Amino acid sequence: MTSEYIIPISNKTLQGETAEIEKCNKFTKKMGLVLTPNEALKLAEANALALKSNGRIQFGDSTVREIIKEFYTSPYITKDNYLETINYLVEIFYFYKNETLDLIGDEDLIKYMKNSFDGVCQGSLDFLAGNELNILAISLRSGIEMGTKNV
Amino acid sequence: MYEINYDNIEIQKQFMELLSKKCQDYNSGISNSIRTEIAESIMKSTFYTVNLYFKSIIIQEKDLESISMPNIFLADEKGRKIAEKEFQKAKQLYKFVKKSKIYNFNYSYNSTLSRDGLGIFFETYNSTYRAHETPASIDYQLCIPVSGLTGVEYIKKYLENLYIENQFCKNFDDMNISNLLFGYSEEYEELLINIFQKVLVCAIGCILLRKDIRSLSLFYEDIVILHNQLLLYDIKELELIINQAVEEIMLFLNIKSKKIQSYIRLSTLEIISDINFALKNNSLDKVFVESIDSNSVQKNEFISSPKMPDEDYREFIEELRSCRYLSDKIAMIKEKIKSFDDLEELLLDGELSEKGINEITKNLQKVEIEELQKRKEIRELQNQIKNG
């Protein structure tokens with residue numbers, strides 16, 4: 001019975017999620033970053049897929065929106081790579097939510113990702129996913145306190 | 001009992017809102033997503049507490065209409081309060097059960113009552129997010145198992161039944177109970193047995209034989225008499241006789257509690273069936289067991305004399321293998337082998353024929369043969385010889 005009720009949560013939020021993502025255009029357009037309704041839908045679908053593949057469900061505000069809000073000012077994001085970058089960031093976000101055993105909040109994780117992405121990673125998503133976030137996950141799991149400069 | 005219509009869209013919506021709120025609370029509001037298994041657990045917990053609330057209220061037919069759209073938030077809150085109350089009751093019961101504990105060496109009984117058994121539940125139970133779970137290590141089997149319940153309801157019912165069983169057993173001396181269990185099996189400490197049932201069966205036997213119930217002592221002759229006596233009855237008469245015996249036991253032990261009385265009566269049903277089955281299969285001694293004082297049983301421990309040094313042993317084996325005649329080999333073994341452990345190795349290493357092995361073992365004492373049989377390698381050797 002539980003699974004029957006869990007699944008509709010993600011279906012129900014797909015339309016809402018798309019609308020939320022589209023709303024981001026209001027503040028991202030000043031950086032020249034605009035998503036078409038179709039692209040917003042693609043991101044919403046990618047979000048649902050990332051949630052599913054990482055065994056998670058979303059119940060609160062749009063995580064994609066939060067990621068866009070944090071990352072749209074990054075010098076490494078252009079209108080050419082905007083969609084792909086956000087897409088990948090969403091994927092690694094959920095992956096590392098699990099890897100960090102939910103020990104870090106959404107806001108802190110997104111901020112850490114942004115600082116690393118703009119800083120040591122110099123816009124490399126692979127370095128962010130394979131190195132920086134991995135170090136964070138290991139540190140959190142083993143109880144080692146990370147420096148506060150990034151988080 | 002009122003049953004919620006889970007297909008109702010409005011009820012589903014309320015459940016979703018409640019789940020969303022609970023998930024946010026679970027994350028302390030710092031995360032917008034949660035792992036599916038945690039969400040499922042929270043959902044199950046919510047179903048559990050809501051059902052707990054509706055189970056607790058008696059609804060008049062006239063009120064059914066007004067409750068057709070129940071407030072799930074309120075039901076969950078009240079259900080959690082009920083779960084908390086039940087938890088406190090169970091905790092108190094756990095204390096009573098520990099106080100009424102029977103002193104014996106049965107591992108499953110003792111471990112279940114320990115902090116690492118039922119104790120885990122009282123340290124980890126969470127009525128908000130995991131109310132439906134039963135985090136406890138329970139190995140001890142009750143005479144009447146608890147079924148169809150989970151969470152705090154299960155634990156409370158389990159403890160209630162266990163307390164009843166303990167209270168009944170407290171009418172008997174712990175030593176008598178231990179002797180009874182030892183009579184059932186020398187390894188009773190390791191077995192998953194129900195102590196109450198064994199005691200009740202023995203008490204029934206004692207009543208039928210007009211023996212002292214409290215002694216819980218039946219002997220082999222008693223069981224033979226019981227067999228001959230009970231064999232005369234058909235199932236209806238048997239039921240009557242056993243039920244009468246149970247009533248006599250309760251009267252004799254002055255058991256007035258209705259709960260204990262009804263538990264004993266309910267337990268008797270299985271006992272009657274066991275007795276009936278045993279009578280048909282001529283195995284009544286498996287139901288009514290002989291009481292044996294564990295202290296009076298002498299335990300034999302086999303100790304072998306020291307083995308010969310490895311170097312000497314190797315030389316001896318070489319010499320033995322090179323020897324042609326069996327009679328000479330036997331003579332050599334008799335002369336050189338003084339230790340039981342050496343003999344065991346010799347049987348394995350000496351490349352002796354079946355005749356040779358028989359020749360050596362025929363002079364062994366019974367206890368030595370028994371000890372040899374216990375050793376795995378020797379058993380394997382025996383099988384090899386049997387299979388050619």
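The following exchange asks how labels such as "buried" or "salt bridge" are earned in this predicted model.

Me: What makes Arg35(B) and Asp102(A) a salt bridge?
Reply: Their closest N and O atoms are 3.8 Å apart. The rule asks for a side-chain nitrogen of Lys or Arg within 4 Å of a carboxyl oxygen of Asp or Glu, so a pair at 3.8 Å qualifies. Across the interface of chain A and chain B, the rule finds one salt bridge.

Me: What else describes that interface, and which elements of chain A give two or more residues to it?
Reply: Polar contacts there number 11 residue pairs, counting pairs with both residues at pLDDT 80 or more. On the chain A side, helix H1 (2-23), strand S1 (56-58), helix H5 (82-99) and helix H6 (106-118) each give two or more residues. H1(A) gives the most, with five residues. By class, this side has nine nonpolar, eight polar and six charged residues.

Me: How many residues are in contact between chain A and chain B, and how much area is buried?
Reply: 23 residues of chain A are in contact with 22 residues of chain B. The buried area is about 1,900 Å². Carbon and sulfur atoms give 60% of that area.

Me: Asp102(A) also pairs with Arg56(A); how do you know that this is a salt bridge?
Reply: The closest N and O atoms of Arg56(A) and Asp102(A) are 2.7 Å apart. The cut-off is 4 Å, so the pair counts.

Me: Why say that Arg56(A) and Asp102(A) tie parts of the chain together?
Reply: Arg56(A) lies in strand S1 of chain A, while Asp102(A) lies in the loop between H5 and H6 of chain A. The two parts are 46 residues apart in sequence, so the pair ties them together.

Me: Why is Asp102(A) called buried?
Reply: Its relative accessible area is 19%. Buried means under 20%, so Asp102(A) earns the label. Arg56(A) is buried too.

Me: What makes the backbone of Asp102(A) worth a second look?
Reply: Phi of Asp102(A) is near 60°, a positive value in a residue other than glycine. Most residues other than glycine have a negative phi. Asn254(B) is another case, with a positive phi of about 60°. Asn254(B) is placed in the loop between helix H10 (235-252) and H11 of chain B.

Me: Where does Asn276(B) sit, and why is this residue called buried?
Reply: Asn276(B) is in helix H11 (residues 258-280) of chain B. Its relative accessibility is 18%, and the limit for buried is under 20%, so the label holds. Leaving out residues up to four places away in sequence, Asn276(B) touches Ile235(B) and Leu238(B).

Me: Why is Gly148(B) called exposed?
Reply: Gly148(B) has a relative accessible area of 85%. Exposed means over 50%, so the residue qualifies. Gly148(B) lies in the loop between helix H5 (119-124) and helix H6 (151-169) of chain B.

Me: What makes Lys81(B) and Glu77(B) a salt bridge, and how are they spaced along the helix?
Reply: Their N to O distance is 3.8 Å. That falls within 4 Å, so the rule accepts the pair. Both lie in helix H3 (residues 72-99) of chain B. They are four residues apart, which means a separation of about one helical turn.

Me: Why do Lys81(B) and Glu77(B) get the labels exposed and partly exposed?
Reply: Lys81(B) has 54% relative accessibility. Exposed starts over 50%, so Lys81(B) is exposed. Glu77(B) is at 40%. That value is between the 20% and 50% limits, so Glu77(B) is partly exposed.

Me: How do you know that Arg115(B) is exposed, and which residue does it bridge to?
Reply: Arg115(B) has 61% relative accessibility, and exposed means over 50%, so the label follows. Arg115(B) forms a salt bridge with Glu123(B), the closest N and O atoms being 2.6 Å apart.

Me: How many salt bridges does a search of the whole structure find, and which residues of chain B are linked in a network?
Reply: The search finds 27 over all chains. The network links Glu86(B), Lys89(B), Lys156(B), Lys157(B) and Glu160(B).

Note on methods: Residues numbered from 1 in each chain as written. Chains lettered and ligands numbered in written order. Predicted model: local features only at pLDDT ≥ 70, side-chain atom pairs only at ≥ 80, totals over all residues. Heavy atoms only, no water. Buried < 20%, exposed > 50% of the residue type's maximum accessible area, 1.4 Å probe, protein only. Contact = heavy atoms within 4.5 Å. Buried area = accessible area lost by both parts, 1.4 Å probe. Polar contact = N/O pair within 3.5 Å; in protein donor to acceptor, adjacent residues only side chain to side chain. Nonpolar A, V, L, I, M, F, W, Y, C, P; charged D, E, K, R; others polar.
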